[in-house]
Amino acid sequence: VLFAKFWSLSVQPCRALVDEKFKVLVQKAPPGAQLTVRSHHHSENKHEWEAFGHYICDSTGPRGTYEGVEPMGLLWSLRPVPGSKPGLRLRKMNVETPMEVTVSVYQGHLSEDFSEQRALAAVVVERWYMAPGVRRIPVTEHDTMLCSGPGRFPAVLDLWGGGGNLMEYRASLLASHGFAALVLDYLTNELTKTTGKMMENDYFEVAFKFLEQHPQIVGSRIAMWGLSFGTAMTLKMAVYSNVIKLRCAVCYSGSHIQPVDGSVKDIKEKRENIRVTENQEVIFRDLTLPVPKDPAFKVDMGRLQCPLQVVVGLDDQSWPAYESAMDMKVMMEEAGNSHLLTLLTYPHTGHLIEPPYSPYVRTSILRPFPVKVLWGGETAAHSRAQEDAWRKTLLFLREHLYDMRNSAVTSKSNL
């Protein structure tokens with residue numbers, strides 16, 4: 001902590017998991033003084049991100065990258081500094097190191113050129129995805145398991161979306177909350193890059209068997225969590241696989257629309273339905289609309305036998321998640337298994353529903369295509385949805401993966 005003559009700044013806790021809130025306190029400032037509280041992050045890929053709020057001492061702050069007395073806005077409203085490369089998205093690739101954010105206070109209401117100003121006080125905050133005791137265990141070159149300490153844990157098979165790569169930050173946070181998690185790079189691993197072939201059903205079944213037979217996993221308590229494109233595979237495996245027997249499933253921002261007798265690569269795309277905004281942002285949501293009536297082109301949700309939580313943003317511009325969810329609900333009501341469905345819908349919320357306080361991104365470059373994709377949503381509403389959905393998803397997983405009568409839920413470790 002750096003102290004000016006009349007000012008001091010504290011952030012508590014200054015070291016915590018990314019889904020924990022912190023409090024920002026500025027002291028020794030004269031009443032009525034105008035000040036700017038700013039956060040700054042230098043990302044792993046060498047880009048600069050910032051957020052700021054304007055305040056008057058003993059009053060609420062009306063303007064900045066967020067509004068009101070909202071300390072977590074310093075994280076969820078982070079955005080690339082002016083002049084940055086367009087289409088950036090902030091993602092944590094190395095989960096074994098913290099995300100470091102410098103919180104500073106400046107005199108006056110500043111909106112730019114912070115590097116040319118002297119901060120009155122500053123604190124470096126560490127935001128971790130891995131709590132103490134969480135272990136990262138490479139399984140293959142494109143699979144990683146994360147679990148917390150000794151013992152036996154329920155597990156989550158974590159499937160990311162169409163951007164590919166081995167995205168571990170959600171899995172490591174799940175491990176910090178007492179779930180083992182196996183995350184798969186099923187779209188951009190070396191085999192798919194070399195052969196051009198997508199991973200078939202047996203790939204996911206082998207991963208499930210690995211978890212089922214692992215000595216640290218309770219084999220009868222395994223879930224799948226799919227995001228976006230990962231939802232398609234989660235639902236397909238949950239309904240049709242004779243090997244994968246899930247205790248429950250979670251699906252964010254995805255759909256049940258797919259040729260159920262084909263492979264992932266055969267998912268129907270109506271390319272003429274792609275829209276492009278005047279800012280050259282691509283909207284993919286109409287690719288599979290209208291929702292097909294032909295049962296050969298969607299998972300038979302009436303056959304689902306495990307509890308399912310579906311999370312959708314009502315302003316999703318990348319996938320027809322809401323329309324798909326409504327069709328799934330109808331299918332399950334007609335089949336008599338709608339009691340298995342928990343549906344969470346969020347207004348003004350886009351496609352990329354991330355862990356709490358993750359910076360909101362309305363548009364970014366989607367690799368490996370690459371195109372600039374419009375994800376949708378509004379900053380504050382989307383960020384509130386991320387916080388609420390994460391809390392309810394953890395409760396859903398605990399309810400169905402832990403024996404609440406005979407086993408205490410493992411709480412996250414304090415940092």
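In this predicted model, strand β10 (residues 143-148) pairs with strand β12 (residues 180-184) through four bridges. The two strands run antiparallel. Within this pairing, L146 has A181 of β12 as its bridge partner. Strand β10 is also joined to strand β9 (residues 134-140), here by six bridges. This pairing is antiparallel as well. Residue V134 lies opposite S148 of β10. Two residues separate β9 from β10, and the two strands form a hairpin.

Strand β10 is mostly covered. Six of its six residues are buried. Burial applies to both faces of the strand. One side carries D143, M145 and C147, and the other carries T144, L146 and S148. Each of these residues has under 20% relative accessible area.

A separate group of strands was then examined. Six strands make up an open sheet with mixed pairing. Their order is β2-β8-β7-β4-β5-β6. The edges are held by β2 (15-17) and β6 (79-80). Each edge strand has a single partner, so one side of each has no neighbour in the sheet. Inside the sheet, β4 (residues 34-42) and β7 (residues 99-107) are antiparallel and share six bridges. In this pair, S39 is matched with V103 of β7.

Nonpolar packing was considered next. The largest nonpolar core holds 84 residues. The members that touch the most others are L174, Y186, F204, M301, L308 and L397. Helix α7 (residues 379-401) is the largest contributor to this core, with seven residues. A second, separate core contains 27 residues, including V37, M99, V103 and V105. Residue V103 is thus named twice: it belongs to this second core, and it is the bridge partner of S39.

The surroundings of L174 were listed without its neighbours within four places in sequence. L174 contacts V156, F179, A181 and W225. Its other contacts are W390, L394 and L397. Among these, A181 is also the β12 partner of L146, and L397 is itself one of the core members that touch the most others.

Values for the whole chain complete the description. The protein chain has seven helices and 20 strands. Of its 415 residues, 58% count as buried. Many contacts span long stretches of sequence: among those between residues at least 6 apart, 71% join residues at least 24 apart. The accessible surface comes to about 18,500 Å². Carbon and sulfur atoms account for 51% of that surface.

Technical notes:
Residues are numbered from 1 along each chain as its sequence is written. This is a predicted model: local features need pLDDT of at least 70, side-chain atom pairs count only at pLDDT 80 or more; totals for chains, interfaces and linings use all residues. Side-chain values use heavy atoms; hydrogens and water are left out. A nonpolar core is a set of buried Ala, Val, Leu, Ile, Met, Phe, Trp, Tyr and Cys residues joined through side-chain atoms within 4.5 Å. Buried means under 20% relative accessible area, exposed over 50%, partly exposed in between (1.4 Å probe, protein chains only). Contact means heavy atoms within 4.5 Å. Two strands pair if DSSP finds at least two bridges between them. Accessible areas come from the Shrake-Rupley method with a 1.4 Å probe; for residues, only the protein chains shown count as cover.
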